[in-house]
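The following report examines charged pairs, a surface patch and the nonpolar interior of one protein model. Please consult the sequence and the coordinates alongside the text.

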Amino acid sequence: MAGSRARWINVPLARVAMLCAVMLFVLLAHITLVQSFGSRVLDADPRNERTLILRYAHPRGDIRTYDGTTIATSRPTTGGPYRYQRVYPFGERYAAVTGHVSLRRATGVEQTQEAVLTGDDPRVKVRSMVSAGSGAGAHVRLTIRDRVQRAAHDGLAAAGVPGAAVAIHPATGAVLALASHPTYDPNALATFDRLRLALTSRRLRESPDRPLLNRALNRLYPPGATFKLVTAAAALASGEYTPTALVDAPPRLRLPGSSAYVRDTGCGSAHPTLVYAFQSPCDTAFAGIGLRLGHDLLRDQAEAFGFNAGVLRIPLAATGSRYPVTADRSQTALAAIGRYETLATPLMVAMLSAAVANDGVLMRPYLVEDVRLPDRSVVSRAAPAPYRTVMSPALARYLAAMMATTPRRGGTRSAAPGVRAAMTSVPLTEDHALVTAFAPAGAPEVAVGVVLERPGPQATAVTTIARSIIQAALS
C-alpha cells in the first residue's frame, strides 16, 4: 500500500523534475546564444553604459594631418564615469574629414578608422602589446595638408554660400584638402552631457543649411561646364575632331524632337575652333558635338572617368557620380553640356582634372597616409594605385593644352606669380558655379574641384577659391 502510494507521488515529482531540467537547458542555451552571437549587438547598443565606459576608459589614437597637425585627440576628464574625452582643436575646419565621436555614434575618419584608433584592430593590438605592453590605440596620419585645407575652408567661408572644395595630388591620388560649407563644430557633439548632445544633434539635423552633410563627397551637382572635359575627350578620341577643328556654335540649337533650345551664352563666333569653344561659354557647340558623337560614345567616355561606378571609398564613402545610361538625342545634347541627369560630386569634379594632369591615368583617391603606434612604428602605409585608365597620354596632353589656353576675351590662367594653371571656364548663368583645374600646367602637383551652390553675383568666387587652394598646395 505504501509502495503504491510512493509510486503515485513520484510520478508528479518526476514530471516537475523533467520540466525543471528542460527549463534549465533552455536557459543555458539562451545564455550561450547571447554570449556567443548576441554580444556584438549588445556592445553596439548606445544604451549599454558599460560599453560606453569602456570606450572612454582609454585614449583613442590621434588623427593628424600629413604635416603633423593634430586635428583629433583625447584628453583626460576631471571626473565622472568617462576618463577621456575626444577633442577637435580645429573643429569646423576639419569636420568634413574627422567627423566626430559622440555617446551615440561615430562619423567620418573617426568611424572608418575606429578599430585602429581604439586599438581593437588585430594588427594594432598585437604590435602594441609587443612593443608597449598594452593595447593602446594607433595614430592615423592623413594625406591632408593643413595649409591647403585652411585655404579651402577659409575660401568657402568667405564666399558665404553652400559649397565644397577638394584638392588631389594627380600622380598619387592623395587627397590634399576636403572641405564642405556650411560646417559644424565636432566638439559640440563630443560632450558627455546627454541633454546638450540631444539638443545639439537635433539643431544640426533640422538646420536648413544641412551642416552635417558632407557636400564634398555626398552632394551631387549638375557638372555644367566642367563636363566639357568629358565631351572634349570623347570628341578627340573619336578621330573626328582636333583642337583646331572648326565646330558649329549657332546662337541657339534646337533640341531634336522638341521645341526647346540650347542657347549660346557668349561664344562670340558661329564657327570657333574646338579649343576656343572649350575655353568659352559655347554650350551650343558642345551640345552639337554630343549630337554628332551619340549617346553611347559619350557614356563610355564618362564611365571611363568614373561616372556610374557606384560608391567610392577613400575610405570615407563618396556617392557615385552619374551619367544617364540611356538617352534620346535631345537628352544626349543636354548631357553633353553637363545637364539632364548628369550629376557629379565635387570629388569627381577634381578627379576630372586629376586624370588629365596624370597623362590620362586616374589614380584612386585616398585619405589615410599611414597608421602608427605611439612609438612611431608603422602599422600600415598607403600604396598609391591606378583607379582607371581614362584616355591615352597623347589625348591627355591635348586636353591639358586646351585647359591651359588663355580665353581670348579676358581671363587669366595664372594661379600664382610664375605659375600657370589649367582650368575650365565658369559660365555665370548656371545655377551652380563649378571649376576644375590643375597646376602647374607643365608639371602638375595639384588638381582642384570647387562648387558653389546658387552663388548669384558671387559666382566668380569659385575661381578665387581654386587659385587660393592651388597657391597653398604649391607654396
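Is Glu 453 buried or exposed? Glu 453 has a relative accessibility of 9%, and because the limit for a buried residue is under 20%, Glu 453 counts as buried. The structure discussed here is a predicted model.

## A salt bridge between distant segments

Glu 453 forms a salt bridge with Arg 219, with 3.5 Å between the closest N and O atoms. Glu 453 belongs to strand S19 (residues 446-453), while Arg 219 sits in the loop between helix H9 (215-218) and helix H10 (228-238), so the pair ties together parts that are 234 residues apart in sequence. In contrast to its buried partner, Arg 219 counts as partly exposed, at 23% relative accessibility.

A further pair consists of Arg 339 and Asp 283, whose closest N and O atoms are 2.9 Å apart. Arg 339 is located in the loop between helix H14 (329-335) and helix H15 (346-357), and Asp 283 in helix H12 (residues 283-293); the salt bridge therefore ties together parts that are 56 residues apart in sequence. Arg 339 is partly exposed, at 36% relative accessibility, whereas Asp 283 is buried, at 9%.

## A pair within one helix

Arg 150 and Asp 146 also form a salt bridge, the closest N and O atoms being 2.7 Å apart. Both residues lie in helix H7 (residues 146-159), where four residues, about one turn of the helix, separate them. Arg 150 is partly exposed at 32% relative accessibility, and Asp 146 is buried at 9%.

Which residues does Arg 93 touch, not counting residues up to four places away in sequence? Its contacts are Asp 146, Gln 149, Arg 150 and His 153; both members of the helix H7 salt bridge are thus on the contact list of Arg 93. Arg 93 itself lies in helix H3 (residues 91-98) and counts as buried, at 18% relative accessibility.

## Salt-bridge total and network

Side chains of opposite charge can pair when their charged atoms come close. In this model, the count of salt bridges comes to 17. Arg 60, Arg 86, Glu 110 and Glu 114 are linked in a network of such bridges.

## Nonpolar surface patch

Met 18, Val 22, Phe 25 and Val 26 make a nonpolar surface patch of about 430 Å². Phe 25 is found in helix H1 (residues 2-44). With a relative accessible area of 60%, Phe 25 is exposed, because the exposed class begins over 50%.

## Nonpolar cores

In soluble globular proteins, nonpolar side chains tend to be buried together. The largest nonpolar core of this model has 108 residues, and those with the most contacts inside it are Leu 178 and Phe 307. Helix H15 supplies the largest share of this core, ten residues. Another core, of 29 residues, lies apart from the largest one; among its members are Val 161, Ala 179, Val 435 and Ala 466.

What does Phe 307 touch, not counting residues up to four places away in sequence? Its contacts include Phe 227, Val 230, Ala 302, Tyr 323, Leu 343, Ala 344, Met 348 and Leu 352. The list also includes Ser 321, Arg 322 and Thr 342.

Terms used:
Residues are numbered from 1 along each chain as its sequence is written. This is a predicted model: local features need pLDDT of at least 70, side-chain atom pairs count only at pLDDT 80 or more; totals for chains, interfaces and linings use all residues. Side-chain values use heavy atoms; hydrogens and water are left out. A salt bridge is a side-chain nitrogen of Lys or Arg within 4 Å of a carboxyl oxygen of Asp or Glu. Helices (H or I, at least four residues) and strands (E, at least two) are DSSP runs, numbered from the N terminus. Buried means under 20% relative accessible area, exposed over 50%, partly exposed in between (1.4 Å probe, protein chains only). Patches are made of residues with over 30% relative accessible area and no salt bridge: like charges are joined within 9 Å, nonpolar side chains (Val, Leu, Ile, Met, Phe, Trp, Tyr) within 5 Å. Accessible areas come from the Shrake-Rupley method with a 1.4 Å probe; for residues, only the protein chains shown count as cover. Contact means heavy atoms within 4.5 Å. A nonpolar core is a set of buried Ala, Val, Leu, Ile, Met, Phe, Trp, Tyr and Cys residues joined through side-chain atoms within 4.5 Å.
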